[in-house]
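Q: I would like a close look at one part of the structure shown here. Please start from a single charged pair and work outwards in plain terms.

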Amino acid sequence: MASLKALGGTSDILPEETKRWQTLEQSAHRLFDLYGYQEIRTPLIEEAGVFTRSLGEAAEIVTKQMYLFQDRGGRQVALRPEATASVVRAFIEHGLDKTSGVTRLYYLGPMFRAERPQAGRRRQFHQMGVEVLGSNSPYQDAEVMALLMHLLRDVGVAVARQAGEPGAILQVNNLGCLQDRAKMLEALKSHFTRHQTELCPDCKERLKVNPLRILDCKQEKCRSVAQGSTVPSEWLCAACKKHFENVLQALKALHVSYELNLHLVRGLDYYTKTAFEVIHLSLGAQNALGGGGRYDDLVEALGGTPTPAVGFAVGVERILMVLKAQVETAGNTPVPPRVFVAALGQDSLREGFGILTKLRAAGVSSVTDYEARPLKRQLEQANKLGCGLVLIFGDVERDKRMVTLKDMASGEQTQVPKEQCIEWIQRRLELVP
Ligand code: AMP
């Protein structure tokens with residue numbers, strides 16, 4: 001008799017691995033709590049309409065990937081392919097849309113999509129995510145993105161600070177409101193219809209149902225046709241443009257690095273205005289770690305009181321894949337200390353030693369030169385070690401109660417009050433948001 005096995009695309013998580021899952025989940029619970037989000041647990045199975053009405057009848061998740069079946073009572077039911085639609089259904093069902101104020105929810109759990117299994121693409125996989133319902137504020141969009149990046153850093157995923165650096169990269173785009181979207185779709189439809197013969201079979205299909213998704217196709221030919229197309233930003237109304245400018249400003253204020261990606265569209269129809277994705281190049285073809293955006297019309301579309309909303313979902317298996325890849329790379333590459341404390345002269349060394357101790361206590365790997373050699377020699381040492389930042393502390397700085405911070409890559413120097421230097425460094429190194 002053939003032996004019984006787990007279904008393709010599903011996995012057992014054995015005791016040797018569960019510890020890593022628990023650690024991730026604990027970090028998520030702690031951090032979501034810190035930002036004032038409360039946990040919601042919705043059923044894994046829902047009436048199919050919850051998803052078809054939210055995600056769009058034509059969305060690939062619905063047409064190709066949803067586990068859909070009739071239950072014993074003849075109802076059309078589905079295993080949840082994502083959680084936003086279920087959370088919104090619960091939000092309306094329990095009358096939360098009738099209360100004033102902002103509802104901040106988070107969830108953790110399995111999702112189901114009947115996709116062709118491959119690296120990073122499972123049929124049962126797990127997501128952690130948040131949904132904020134009731135806020136229009138661009139700060140809220142920025143907070144949700146900052147929270148996602150904070151979560152990734154907390155669980156140990158390296159975050160890239162600038163293009164070319166290894167690590168997770170936050171990409172953002174503005175999809176505009178429904179009116180903007182209608183104009184944009186028309187323009188895209190006529191562009192892609194002109195180039196129809198050059199498109200892959202999937203995109204020919206997308207042209208009929210949602211030409212926006214063609215912008216997102218990974219096929220080389222479709223990408224080059226998409227490059228020549230209009231980009232969503234050309235169709236934005238003044239209010240949506242202003243909202244996005246404020247989102248970007250808030251991201252800067254929160255020291256969250258991002259890249260604009262004008263071709264970023266999300267797989268689901270319900271996104272409006274801000275859309276974002278976090279990618280990680282070590283993941284290969286399936287390079288998205290997570291994503292999200294605003295969905296200001298979804299609550300109303302599902303029968304609730306109009307309520308603006310924004311959220312994200314991140315894939316647990318993909319986080320674990322990145323962490324594994326990081327450990328493998330780190331095995332071959334020594335990790336340099338982040339900061340070199342260059343004290344100039346014995347008097348400064350005493351205080352420099354205090355700063356070094358505080359840096360280490362704050363979790364910033366740091367070294368110093370106890371011989372307090374001339375600055376030039378210390379900079380050479382820092383360079384040799386690969387430290388990104390040098391904290392210079394000499395007589396001038398001591399008199400002014402300041403420290404000088406030198407960015408070794410750009411050569412740029414900044415003076416910061418001594419009392420604030422630990423926090424400044426943590427922010428600069430993106431160890432805190
Ligand atoms: P989505 O809801 O499609 O935006 O997915 C959010 C995140 O969930 C993705 O960025 C992935 O990390 C993860 N994810 C989505 N689909 C799968 C899948 N089939 N297998 C594993 N992870 C997935």
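With which aspartate does the side chain of arginine 398 meet in a salt bridge, and what is the N to O distance?

A: The model is predicted. In it, the side chain of arginine 398 meets that of aspartate 395 in a salt bridge, at 3.1 Å from N to O. The two residues sit in helix α14, which covers residues 395-400, and they are three residues apart, or about one turn of the helix. Arginine 398 is partly exposed, with a relative accessibility of 22%. Aspartate 395 is partly exposed as well, and its relative accessible area is 48%. Side chains of opposite charge can pair when their charged atoms come close.

Elsewhere, salt bridges with shared partners link Asp141, Lys273, Arg294 and Asp296 into one network. The count of salt bridges in the model is 24. One of the pairs is arginine 294 with aspartate 296, where the closest N and O atoms are 2.8 Å apart. Arginine 294 counts as buried because its relative accessibility is 0%, under the 20% limit. Aspartate 296 is buried too, at 16% relative accessible area.

Lysine 273, a member of that network, belongs to strand β9, residues 272-280. Its phi is near 50°, which is a positive value in a residue other than glycine. Lysine 273 has a relative accessible area of 15% and is therefore buried, the limit being 20%. The strand as a whole is mostly covered, since nine of the nine residues of β9 are buried.

Strand β9 is joined to two other strands. Seven bridges connect it with β7 (residues 168-174), and the two run antiparallel. In that pairing, asparagine 174 has threonine 274 of β9 as its bridge partner. Six bridges connect β9 with β10 (residues 288-294), again antiparallel. Here glutamate 277 is matched with glycine 291 in β10.

The ligand also belongs in this picture. There are 14 residues around it, and those that come nearest are Arg113, Glu115, Arg122, Arg266 and Leu289. A backbone N or O atom of leucine 289 is 2.8 Å from an oxygen atom of the ligand. The side chain of glutamate 115 has an N or O atom 2.6 Å from a nitrogen atom of the ligand. For glutamine 127, a side-chain N or O atom lies 3.0 Å from an oxygen atom of the ligand.

A further sheet is made of five strands. It is open, its pairing is mixed, and the order is β13-β12-β14-β15-β16. The edge strands are β13 (366-368) and β16 (413-417); each has a single partner strand, so one side of each is left without a neighbour in the sheet. On average, neighbouring strands of this sheet are turned by 25° against each other, direction ignored. At one edge, β13 is joined by three bridges to β12 (residues 339-343), and these two strands run parallel. Within this pair, valine 339 has serine 366 of β13 as its bridge partner.

Helix α13, residues 375-385, lies across four strands of the sheet: β12, β13, β14 (389-393) and β15 (402-407). The helix runs at about 170° to β12.

Between β13 and α13 is a loop that contains alanine 372. Alanine 372 is not a glycine, yet it has a positive phi of about 50°. Its relative accessibility is 14%, so alanine 372 counts as buried under the 20% limit.

One more charged pair is aspartate 369 with arginine 373, a salt bridge whose closest N and O atoms are 3.2 Å apart. Aspartate 369 is buried, at 3% relative accessibility. Arginine 373 is partly exposed, at 30% relative accessible area. This pair therefore joins a buried aspartate to a partly exposed arginine, whereas in the starting pair arginine 398 and aspartate 395 are each partly exposed.

How values were computed
Residues are numbered from 1 along each chain as its sequence is written. This is a predicted model: local features need pLDDT of at least 70, side-chain atom pairs count only at pLDDT 80 or more; totals for chains, interfaces and linings use all residues. Side-chain values use heavy atoms; hydrogens and water are left out. A salt bridge is a side-chain nitrogen of Lys or Arg within 4 Å of a carboxyl oxygen of Asp or Glu. Buried means under 20% relative accessible area, exposed over 50%, partly exposed in between (1.4 Å probe, protein chains only). Two strands pair if DSSP finds at least two bridges between them. Axes are lines fitted to C-alpha atoms, for helices over the stretch in contact, and angles run from 0 to 180 degrees between N-to-C directions. Contact means heavy atoms within 4.5 Å. A residue is near a molecule or strand if one of its heavy atoms lies within 4 Å of it. A polar contact is a pair of N or O atoms within 3.5 Å; within protein, one must be able to donate a hydrogen and the other to accept it, and residues adjacent in sequence count only if both atoms are side-chain atoms.
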